[in-house]
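Colleague: I am new to this structure and would like to learn how to read its sheets and its packed helices. Could you take me through some of them?

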Amino acid sequence: MNLNQQPHMASPYAPPQPGYQMYPQPGYGAPHPTQQYAPYNGHTSLYQQGAPPAGYSPYSGFATKTYAANVLSDSFSSSPPNLGQGRAPPVSGAPPVSASDSYSQYAQGNVQNGPPSVPSQPQRPPVSQSYAPATVHPGTQPTYHQPYEAPTTSVQQITGHMAGMHIGGPAPNLAGSTYAPPPSSQPMSSAAFTSTGPPNYTPQLASASQPPSSMSMTPGPPPSMYGAPPTSQPSFPGAPTPPQSAFAGVTPAAPPVSQQSFPTGAPMSQPHYSSVPTSSSQPSMGGPVLQQPPFGAVPPASAQSQFPGAAQPPVSQPSPYHSVPPAAAAGFPPPGGATVTAPPRHPGMQGPPFANQSMSAPPASQPNHTGAGMPPGPPIGGVQGPPPQPGLQGFHPQQNGAFGQMRPPQSGYAAPYPGQQNFGIQPPPPAAAPPAQKRLDPDSIPSPQASETQPVQKTRHRIDPDAIPSPIQVIEDDKANKGSEPFITGVRGQVPPLVTTTFQVKDQGNASPRFIRCTAYNMPCTSDMAKQSQVPLAAIIKPLATLPPDEGPLHLVDHGEGGPIRCNRCKAYMCPYMQFIEGGRRFQCSFCSCVTDVPPHYFQHLDHTGRRVDCYERPELHLGSYEFLATVDYCKNNKLPQPPAFIFLIDVSYNAVKSGLVAVVCEELKTLLDHLPRESVDEESRIRVGFVTYNKVLHFYNVKSSLAQPQMMVVSDVSEMFVPLLDGFLVSVGESRVVINSLLDQIPEIFADTRETETVFGPVVQAGLEALKAADCAGKLFIFHSSLPIAEAPGKLKNREDKKLVGTDKEKSLFQPQVSFYGNLAKECVAQGCCVDIFLFPNQFVDVTTLSVVACSTGGSVYKYSHFQAQTDRDRFLNDLRRDVQKPMGFDAVMRVRTSTGIRATDFFGSFYMSNTTDVELAGLDSDKTVTVEFRHDDKLSEDTGAFMQCAVLYTSCSGQRRLRVHNLSVSCCTQLADLYRNCETDAVISYFAKHAYRTVLSSPTKNVRDVLVNQCAQILACYRKNCASPSSAGQLILPECMKLLPVYLNCVLKSDVLQPSAELSLDDRAYLRQLVSCMDVAESHVFFYPRLLPLQKLDVEGDALPVAMRDSEERLSRAGLYLLENGLNLFLWVGSAIPQDLLHNVFGTASFSQIDPNMTSLPVLDNPFSKRIREIIESIRAQRSRYMKLMVVKQDDRLEILFKRFLVEDKNSSGGASYVDFLCHMHKEIRQLLS
């Protein structure tokens, strides 16, 4: 259903069942009086009977969408408002079945969340307002509406629970039964009705001075349907209601803002209000409910035994947030903001509950606190009734979540309240009572009157992950909406498709998103607005990105000896934004407004629109990206460069020889040298090569073509490195092929019996640098290194791995280099254009932090193969090596980013060196590297002109040609925050956050870094809530449409190994990942933080399409499934223990699960379509990534499964990382603190 259209009021549902329409439901011995109340449609202190005034609109502010799941969006609706009538019971569809899902309190489908809606009862007002209760007849139980709100008292009121979350945006197409509730065709019963709140809505006390949250849960206007009066037809309790205008529920009172840490607290997977124990068994989601005792029956002993005592441990791991109720994620719709709340049960309905409903209710003797004159509920002894359903136990309707349990006062509040849930504080032990629990388990909180009633069995509840924003749904929606048509770049400020969408780009004046992606495509006009929103303004630039064949290579423009046309003042290059004036004789710079004369040879007349008549003949006048051929003025020392060189430096110490590394490298180089980079496929590469081997000393090789055999020269004095030969060291592969092959054959033999275990590293880099200096050219060093350099030499290191420092203030020292030697050496390399790539093969600590300084400062890469063995790791290493040698690359590069007046580039992230504040210097720049640039305001921007940026990269091509690559991008500017939030790209924001955080660990403890990230994210969302969303209850979490995945992705960054490592992760691994992420592009950082999980058992072997990915959570794995998970570095094939026999045979060629070899790194080649298709998928995934991923087969319950589960990022992890649901709750708490 498209929530921008008028929602269906009745069509998806069957005709009403008897007893539904006018709500009279007999209780035990007394009929219900029929009272009708109009739907609540605004923020008033109490309900008003009848229809509101004509023309009443609940919201008149910024246009947003409100879903029944309480979803606010910044979209507009063109549909007429229609509040509709109450719907009949749903009859179609069933919720998705997930292997280990329990019944959740949030079902899927366009149905109502929480308790059954009954005709409205006046809501208790705050203390300053009068209270008008409904007439109550003794001995009867009135039917009245159950708001999602706890009752108020004369001193306190319950502030908004997170009953409804607002997520803006269009709804996905919910065709089919994916989100539909299960049908219920069972007859009505006459059990008296008690409304329980949504299982996870936990009341919290707030001071009386706080305004009440909006108190309605009756049907309001549908998502974007504002402006028309609602009908006076009341909703009925047993059917789904139309989308709500507001899910004002009870929201947890948040602890002080200073509580940035995430202490362990109440389990988020459980309801926080329950007064009865949990059944030890859980029904699986979507399936039949497990056997329930008859009404009033005694639960199993396991349930009784825990009733007064300590809490039953939760099924899932406890939440790390001690003061966040599970309801914090309550009303989230599925991606796109569709309504996914649960259908209320009618008081008399029998049969299994809907997927989100409670299986029990509070004890019958609980006091009803909704009105002073309410009679007690009828006794339940001996009454035969339906199986327990939420609110069906014959008790009085309760206000949401407060069931009369005696709880201690909450810290910081005036007095205790009977229904208050305790978060984060320990209750005092009650006098003459069982010992107080150290932490309240929501499933075992005793009721004050527990002795008067028998405990009722109930099931444990948890937030339905399908009811909160799904990354997969957003990705699939984007593919459907933007994947079919080309992305045309001519529109200023246009947000491109997501990185997960395959799309074609047509360059019409702005750079392709393959080259530049921005965090915001509509920049705030002022710095104050930028500070208020806290949205980072940054661009992730990948200057040499590889383009698909249909987008072709960039045009190369040659302006002759005069060189490229530039602005006289700011030196910006000619681009489509330059404005020609005075008949084409001059042009005005769009960056600095300076007017520059057009050179005579470049002059051309203008047409009637003021554009040059040759506009479309010159790439620089109509394209966003192009290249200029640079003149000698752009070259070092004003002379054209030499072709670059590749030098291979091979560790021949004992460890390297024993592991098989030396033999593998030498064998591969024989063929790899035929595939060195070249300008075109036809011509021969002009790159020269040289070879060095080393342990404690260095061996140089003369491979001059005139020699019959290669010559070795040994340099044993490594304290002052020099190159012992000039002629014959760097040679052309074509000329010296025979000598080179001879050398590569001899190296493994020469060092086969070595016993030298010590190595050097600093002198190795110096040797390559000196060789390039001697040849007067730029180049690249490929260093194959195996151990910590402990031999006496410059750059000697010691083992400093100390896991005791992890998590302390001194942890930052582990990310800083041991010595300054390598930093100084890196500066020399950059000056010469010497790029360094390091391939590490450690068996123990090698100090990646220190060794990688040279690679990170020169634009190089680090590759790491721990415990390398030639048999198992050969493919991964050789594929990485081949790609590293062959990929397109520029040498001796300098990059500068120019911006129009009003903003400037202030900060840079990536692998490079900066000697000043503007120029990014890269000894090497390959097609995988990105540079992230942050912008700040230095003046006001104009909405009319927008903002411009130009990235210019000067580099030497692999043939020795000096070139200028130019990328231009224009973005819009806005004075309204709503426009900013509509045009953000979450993937780019997360990429920026990760890079900024990973650099900050050099100077701050990781805990502080995590806290800053959480705070900034909360400020972004709080600013949106305050300035862009329609007025609503504080209990609603409102997320901007384009940022609704910000919490889940940010949680993945917070849980990453750099910021929150597991105990077994080494310091080297963290340093390796840290430098790797610093220069990732948006596509790679996206899959790195949120891995792709493909259900291969759903594969269509006939078609080319991949199965739709799944969310990264263990509960979504089926024991009968086969899943492929990849994150750009790792590739897992998870095999369920109940995998079907035919699938097992087709993929592995084995007859049973136990016969699968968990050590295999490639699938057997079998002659069947399924085997062939899976192997094709694996290869295509590997081809998309810059690093080759070694396949790891993980059998269910095998030892490797622990490693696999670390990549299921929506779950809580072993190192303390929160689950997605828990973190969403925590973010809501943070946002509410900021708003209050």
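Modeller: This is a predicted model. A sheet can be read by its strand order, its pairing and its edges. One open sheet here has four strands in the order 29-30-31-32, with mixed pairing.

Colleague: Which strands stand at the edges of that sheet?

Modeller: Strand 29 (1092-1095) and strand 32 (1191-1195) do. Each has a single partner strand, so one side of each has no neighbour in the sheet. From one strand to the next, the twist averages 20 degrees.

Colleague: How many bridges join strand 31 to strand 32, and do the two run parallel or antiparallel?

Modeller: Strand 31 (residues 1131-1135) and strand 32 run parallel and are joined by five bridges. To find one of these pairings, start from leucine 1131: its bridge partner in strand 32 is leucine 1191.

Colleague: Which strands does helix 18 touch?

Modeller: Helix 18 (residues 1141-1148) packs on the sheet and touches strand 30 (1122-1126), strand 31 and strand 32. The direction of helix 18 makes about 45 degrees with that of strand 30. Helix 19 (residues 1169-1184) also belongs in this picture: it lies across strand 29, strand 30, strand 31 and strand 32. Helix 19 runs at about 10 degrees to strand 30.

Colleague: Now the other sheet. What is the order of its three strands?

Modeller: The order is 10-11-12, in an open sheet with antiparallel pairing. The edges are strand 10 (579-581) and strand 12 (595-597); each has a single partner strand, so one side of each is left without a neighbour in the sheet. The twist averages 30 degrees from one strand to the next.

Colleague: What joins strand 10 to strand 11?

Modeller: Three bridges join them, and strand 10 and strand 11 (residues 586-588) run antiparallel. Within this pairing, isoleucine 581 stands opposite arginine 586 of strand 11.

Colleague: Which residues does UniProt list for the zinc finger domain?

Modeller: An unreviewed UniProt entry lists residues 564-602 as "domain: Zinc finger Sec23/Sec24-type". In the model, the chain over residues 564-602 is 0% helix and 23% strand. The end C-alpha atoms of that stretch are 10 Å apart.

Colleague: What describes two packed helices?

Modeller: Two values are used: the angle between the axes and the distance between them. Take helix 13 (residues 986-1000) and helix 14 (residues 1006-1027), whose axes come within 10 Å and cross at roughly 150 degrees. Angles over 145 degrees count as roughly antiparallel, and helix 13 and helix 14 are therefore roughly antiparallel to each other.

Colleague: Which residues make the contact between helix 13 and helix 14?

Modeller: Helix 13 contributes Phe993, Ala997 and Thr1000, and helix 14 contributes Val1009, Leu1013, Gln1016 and Ile1020. By class, that contact has five nonpolar, two polar and no charged residues. The crossing of helix 13 and helix 14 is right-handed.

Colleague: At what angle do helix 13 and helix 15 pack?

Modeller: Helix 13 and helix 15 (residues 1046-1054) pack at about 25 degrees, with their axes 10 Å apart. They are therefore roughly parallel to each other. Helix 13 passes helix 15 in a right-handed crossing. On the helix 13 side, Thr986, Asp987, Val989, Ile990, Phe993 and Ala994 meet Leu1046, Tyr1049, Leu1050 and Val1053 of helix 15. The residues of this contact divide into eight nonpolar, one polar and one charged.

Colleague: How do helix 9 and helix 10 pack?

Modeller: Helix 9 (residues 821-832) and helix 10 (residues 848-858) pack at about 25 degrees, with their axes 9 Å apart. Helix 9 and helix 10 are therefore roughly parallel to each other, and their crossing is right-handed. Helix 9 makes the contact with Tyr822, Gly823, Ala826, Cys829 and Val830. From helix 10 come Thr850, Leu851, Val853, Val854, Ser857 and Thr858. By class, the contact of helix 9 with helix 10 holds seven nonpolar, four polar and no charged residues.

Terms used:
Residues are numbered from 1 along each chain as its sequence is written. This is a predicted model: local features need pLDDT of at least 70, side-chain atom pairs count only at pLDDT 80 or more; totals for chains, interfaces and linings use all residues. Side-chain values use heavy atoms; hydrogens and water are left out. Axes are lines fitted to C-alpha atoms, for helices over the stretch in contact, and angles run from 0 to 180 degrees between N-to-C directions. Angles under 35 degrees count as roughly parallel, over 145 as roughly antiparallel, 65 to 115 as roughly perpendicular and the rest as oblique. A crossing is left-handed if the near helix is turned anticlockwise from the far one by less than a right angle, and right-handed if clockwise. Contact means heavy atoms within 4.5 Å. Ala, Val, Leu, Ile, Met, Phe, Trp, Tyr, Cys and Pro count as nonpolar, Asp, Glu, Lys and Arg as charged, and the others, Gly among them, as polar. Two strands pair if DSSP finds at least two bridges between them. UniProt positions are given in the numbering used here, feature names are shortened, and annotations may be inferred rather than shown by experiment.
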